[in-house]
Amino acid sequence: MTTRTVGASDLNVSPIGLGGNVFGWTADQATSHRILDAYVDADGNLIDTADGYSHWAPGHHGGESETVIGNWLRSRGRRDDVVIATKVSTKPDRTGLAVENIYFAIDESLDRLQTDYVDLYYAHFDDGDTPLEETVAAFEEVRLAGKTRHVALSNYTPDRIDEWCAIAAANDFAPPIALQPHYNLVHRQDVEGPGNRGEVAAAHHMGLVPYFSLASGFLTGKYRPGAEPESARGAWVRDYLHPEFFAVVDVVREVAAAHAVAPAAVALAWLRDRPGVVCPLASARTSSQLAPILEALSLALEPEETAALTRVSDLAHA
C-alpha cells in the first residue's frame with residue numbers, strides 16, 4: 001500500500017486514518033485494542049485523537065481516548081509503526097489555547113499516551129480570547145522541545161489559517177502541515193469553493209485530513225428514510241435525513257455492490273481521492289465497523305463511479 005506525504009513535510013501516512021474518538025467511550029479498552037491491532041496489521045498507521053475525547057460522555061472528563069491508546073502503545077511496543085495525532089483546546093479543564101494551557105496540555109497528553117512525542121499536534125478549535133501570536137509561539141515552543149514533530153490546525157476558518165501561517169513565516173516558525181475539516185460526500189461546503197479551506201490549505205502546502213468522513217455513520221447506509229436514529233451519534237445524523245442525501249447513499253450502495261464491499265468503503269475512497277485530501281479519518285467501535293475502513297485503504301474506484309458519486313453529491317448541494 002502506498003503511503004501519502006502530509007503537506008510539505010516528511011511525514012508519511014496511510015490513505016485512511018483511524019479516528020480515536022470512540023476509544024474509551026462506545027468501545028471499551030479491550031475492543032479498542034483489537035481494533036488498533038487489526039488496523040496496524042493491515043498497514044494503517046495514522047491514529048487520531050484529542051485530549052477532549054470523550055468528555056461529553058457521562059462520568060468522563062476527557063483524556064479517555066488518549067489513555068486507551070497509550071495503554072495499547074505500551075503493551076504492543078509499536079510506537080515506531082504509527083503516526084500519533086492529538087489535539088488541544090476542548091478538555092474541560094484545559095479549554096482554549098492560552099500559552100500555559102498548551103504547555104500543561106501537551107505534557108498531560110504525552111503522559112496519557114505514554115510516549116515522548118506526538119507526530120501531529122492540532123489546535124483543535126480557534127481561541128478568540130487568546131492573541132494568535134501567543135498560541136503560534138507556544139506551538140513552536142513545544143515543537144522545539146521535541147514534544148511534537150509537526151503543527152496542525154482543525155476547524156480554523158480560511159482567514160485564521162492565513163493569519164497563523166503569516167505569523168509563523170514572520171517568526172521563522174514551523175508552519176502547520178495539516179488541516180482537519182468537516183468534509184464528506186454530503187458535507188462539502190466547509191472545504192470546496194474559491195477562498196474556502198481547501199484552496200487556502202493548498203496555498204499553504206497543507207494536507208487535508210477530514211473528520212466526519214462518513215457523516216457520523218450516515219454514509220454507511222444504515223439509516224433509512226423515516227427512521228429515527230437511535231445510536232450514540234443519532235443527534236449528529238439528523239441534518240442528513242433528507243431525500244437528496246438519501247439519493248447520495250443510493251449511489252454509494254450501487255458502487256459498493258459492484259465492488260462487493262461495504263458502502264462505507266466507497267464513501268471513504270471517494271473522499272480519499274478528492275483534491276488536497278491526504279488521509280480521511282474514520283472511527284470504528286467494533287471489528288465489523290473496522291472492515292470497510294480496511295477495504296478503503298486500497299479500494300480503487302473506476303473514473304465513471306467517482307463521477308457518478310460527485311454528480312449526485314453536486315445535486316444534493318445545489
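Which residue forms a salt bridge with glutamate 192? Keep that question in mind while you move through the model, since the tour comes back to it at a later stop.

This is a predicted model, in which local features need pLDDT of at least 70 and side-chain atom pairs count only at pLDDT 80 or more, while totals for chains, interfaces and linings use all residues. Residues are numbered from 1 along each chain as its sequence is written, and side-chain values use heavy atoms, with hydrogens and water left out.

**Stop 1: strand 5 and its partners**

Select residues 83–88, which form strand 5; helices (H or I, at least four residues) and strands (E, at least two) are DSSP runs, numbered from the N terminus. In strand 5, 6 of its 6 residues are buried, where buried means under 20% relative accessible area, exposed over 50% and partly exposed in between (1.4 Å probe, protein chains only). Val83, Ala85 and Lys87 are on one side, and Ile84, Thr86 and Val88 are on the other.

Next, add residues 46–48, which are strand 4 and run parallel to strand 5, joined to it by 3 bridges; two strands pair if DSSP finds at least two bridges between them. Here isoleucine 47 stands opposite isoleucine 84. Follow the chain from strand 4 through helix 2 (residues 64–76) to strand 5, and you trace a right-handed β-α-β crossover, a term that applies if, with the strands pointing away from the viewer, the path from the first strand over the helix to the second runs clockwise.

Now select strand 6 (residues 118–123), which runs parallel to strand 5 and is joined to it by 4 bridges, with leucine 120 as the bridge partner of alanine 85. The chain passes from strand 5 to strand 6 through helix 3 (residues 99–113), in a crossover that is right-handed.

**Stop 2: strand 7**

Select residues 148–154 to show strand 7, where 6 of its 7 residues are buried. Strand 7 pairs with strand 6 in the parallel sense over 5 bridges, and histidine 150 in strand 7 stands opposite leucine 120. On the way between these two strands lies helix 4 (residues 132–144), which makes a right-handed β-α-β unit with them.

**Stop 3: a salt bridge from strand 7**

Pick arginine 149 and aspartate 10, whose side chains meet in a salt bridge (3.4 Å, N to O); such a bridge is a side-chain nitrogen of Lys or Arg within 4 Å of a carboxyl oxygen of Asp or Glu. Arginine 149 lies in strand 7 and aspartate 10 in the loop between strand 1 (4–5) and strand 2 (12–13), so the pair ties together parts that are 139 residues apart in sequence. Arginine 149 is partly exposed at 34% relative accessible area, whereas aspartate 10, at 54%, counts as exposed.

**Stop 4: arginine 188**

Select arginine 188, which answers the opening question: glutamate 192 forms a salt bridge with arginine 188, and their closest N and O atoms are 2.9 Å apart. Arginine 188 is buried, with a relative accessibility of 7%, while glutamate 192 is partly exposed at 26%. Add aspartate 314, whose side chain also meets that of arginine 188 in a salt bridge (2.9 Å, N to O). Aspartate 314 is in helix 11 (residues 303–317) and arginine 188 is in the loop between strand 8 and helix 6 (197–203), 126 residues apart.
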